[in-house]
Amino acid sequence: MAEMQDLVVVGAGPAGLAAATQAAELGLSATVLDEQPAPGGQIYRAVERAAQGPAAAALGEDFRHGLSVVDAFRRSGAGYRPGLQVWQVEQSGEVLASDGQRSEAFPARRAVIAVGASERPVPIPGWTLPGVMTVGAGQILLKSSGMMPSGETWVAGSGPLPLLYLSQIIAAGGRIAGYIDTTPAANGLAAGPHLFAALRNLPYLRKGLKLRGVLRRSGIPVHRADSVEAAGDGRVERVRFRAGGAWQEKPCDLLMLHEGVVPNVHVTMAVGCAHGWDDRQKCFRPTLDEWGRTDIQPILVAGDCGGIEGARAAELRGRLVALGAAADLGRIDQATRDRLARPLRRELGRHLPIRAFLDTLFTPRPEVLSPPDAVIACRCESVTAGQVRETVRIGAVGPNQAKSFIRCGMGPCQGRFCGLTVTGIIAEATGRTPGEVGFFRIRPPLKTLTLGELAALAE
Amino acid sequence: MFRKLPDPAAPTVTVTIDGRAHTVAAHETAASAALLAGMGATRRSPVTGEPRAPFCMMGVCYECLMVIDDVPSRQACLVTVADGMRIDRQPGARALDFGGEDA
């Protein structure tokens, strides 16, 4: 068993790194556990290497900022254990993790959950075919391996990430066959009232407009579509989309999908923290106070796994959570905490006003949240949306009954890529809100684990 | 499907992907190496037998489960390559090795 730490942080993205850095600066003991071999999370993935690599210029200044976060962490003296999968967090704050061979226990006075976000499931016909990936996956390949799409590559979806990825590929000299923009036209109107607040985030807005300009000048065809399908024999060969009421079909050997990102809530749900439905972001998130405290005292949350706010805000949240924990553990007094927090909150206030605008502008079209019958909802168990609807007809009142009837959510990903879809389908079929329907009951182990890895705990 | 930006300074290792030797960057993951090798399907669904391939590249979706150095069901996107590593397609559900002749 590892030595008791003031903070054990799960996740080495901006929130986790900043929390550990701030804690160490205040003299607290802190250790970061992370799945990846290098710090940065997904947003600053492999930044220490990539910032020197062939894709550095294309990845841009925002990515480069990750270097300063990682450097500060490296200098802070906080502990770092890469290559570990966390499979259980106890209500006491103790964290259990495995390196693939053996498990280890990390006792902590406070556990900081900073596991970030992942891409919202995009259930469309053919999305399980080889050659269909997420835009995030494509961007990870660019960051961590300098890999560029080649051949007939299409990007389909909505949100800031597809625009950013396309601009990075253009900057690196790549070629994309076309962008299928699925943002519903009505979203622009709905987002209008939030534009005034968003103007306080002028740099963000300018960045968005600049990305659109880069895309326009690149000559990459952009199709506004309200439905997308992938088709092929054994792998994706064609993409179909409905633009202006008419279907078009194009040759395609790589299709990247994206409909926004959602908080990774499996850890906090398995611990038993209270969660609620965020209707603006169309996702569940843990209920937190201004110091990232959940309703379970030793469990704290920092960054996008507590609600989507973006990388810069996540870094500030990480520092604020560490300040709160330091005060709660009696290592600094409340006046010191509040004094140190003031500039962080002021800066946070500069990053948040645009969220309502972005969330509303990029709200996914209804068929992403509740897809047609023939579409696979649960990839692991190959369960269709129609089968989930059928469970409702025979009496399932929520995701957990549906799961025991037809195994949706019971595969190795444990509902990470179907949970929101199953909730969405049942909500639509029963006329209830997703918040009323709820989510799968998440149980440990959070990641697949062999009995051998588990048994190593007893040694 | 994918190509690499030239990176002559990156150290390399030799791995065997689907029975053939490939020289790849030492920082590659088993999944990115398989994609670069043009492997297409990296496993078959244990439920339907359909071909599947890496999808999220961040350890969430479990679509990239492969047989790596004879150990099945490893998340290929979380495994960094090493010299001599064998990366193979996973045919379906993981077989349980009970150590007997019928294993």
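1. Strands in this note are DSSP runs (E) of at least two residues, numbered from the N terminus. By that criterion, Arg43(B) is placed in strand β4 of chain B, which spans residues 43–44. The model under discussion is a predicted one.

2. The surroundings of Arg43(B) merit attention. With a relative accessible area of 5%, Arg43(B) is buried, because the limit for that class is under 20%. The side chain of Arg43(B) is in polar contact with the side chain of Glu63(B), at 2.6 Å.

3. Two non-glycine residues of chain B have a positive phi and should be checked in the backbone analysis. For Tyr62(B), phi is about 60°; this residue belongs to the loop that runs between β5 (51–52) and β6 (65–68). For Asp69(B), phi is about 50°, and its position is in the loop between β6 and β7 (71–75).

4. Is each of these two residues buried or partly exposed? Tyr62(B) has a relative accessible area of 1% and is therefore buried. Asp69(B), at 34% relative accessibility, is classed as partly exposed, since that class lies between 20% and 50%.

5. In chain A, the peptide bond that leads from Pro444(A) to Pro445(A) is cis, its omega being near 0°. Pro445(A) sits in the loop that connects α18 (434–437) with α19 (451–455).

6. Also in chain A, Arg339(A), Arg342(A), Arg346(A) and Arg350(A) together form a positive surface patch. Of these residues, Arg339(A) is located in helix α12, which covers residues 334–351.

Notes:
Residues are numbered from 1 along each chain as its sequence is written. Chains are lettered from A and ligands numbered from 1 in the order in which they are written. This is a predicted model: local features need pLDDT of at least 70, side-chain atom pairs count only at pLDDT 80 or more; totals for chains, interfaces and linings use all residues. Side-chain values use heavy atoms; hydrogens and water are left out. Patches are made of residues with over 30% relative accessible area and no salt bridge: like charges are joined within 9 Å, nonpolar side chains (Val, Leu, Ile, Met, Phe, Trp, Tyr) within 5 Å. Accessible areas come from the Shrake-Rupley method with a 1.4 Å probe; for residues, only the protein chains shown count as cover. A salt bridge is a side-chain nitrogen of Lys or Arg within 4 Å of a carboxyl oxygen of Asp or Glu. Lys and Arg count as positive and Asp and Glu as negative; His and the chain ends are not counted. The place of a charge is taken as NZ of Lys, CZ of Arg, CG of Asp or CD of Glu. Helices (H or I, at least four residues) and strands (E, at least two) are DSSP runs, numbered from the N terminus. Buried means under 20% relative accessible area, exposed over 50%, partly exposed in between (1.4 Å probe, protein chains only). A polar contact is a pair of N or O atoms within 3.5 Å; within protein, one must be able to donate a hydrogen and the other to accept it, and residues adjacent in sequence count only if both atoms are side-chain atoms.
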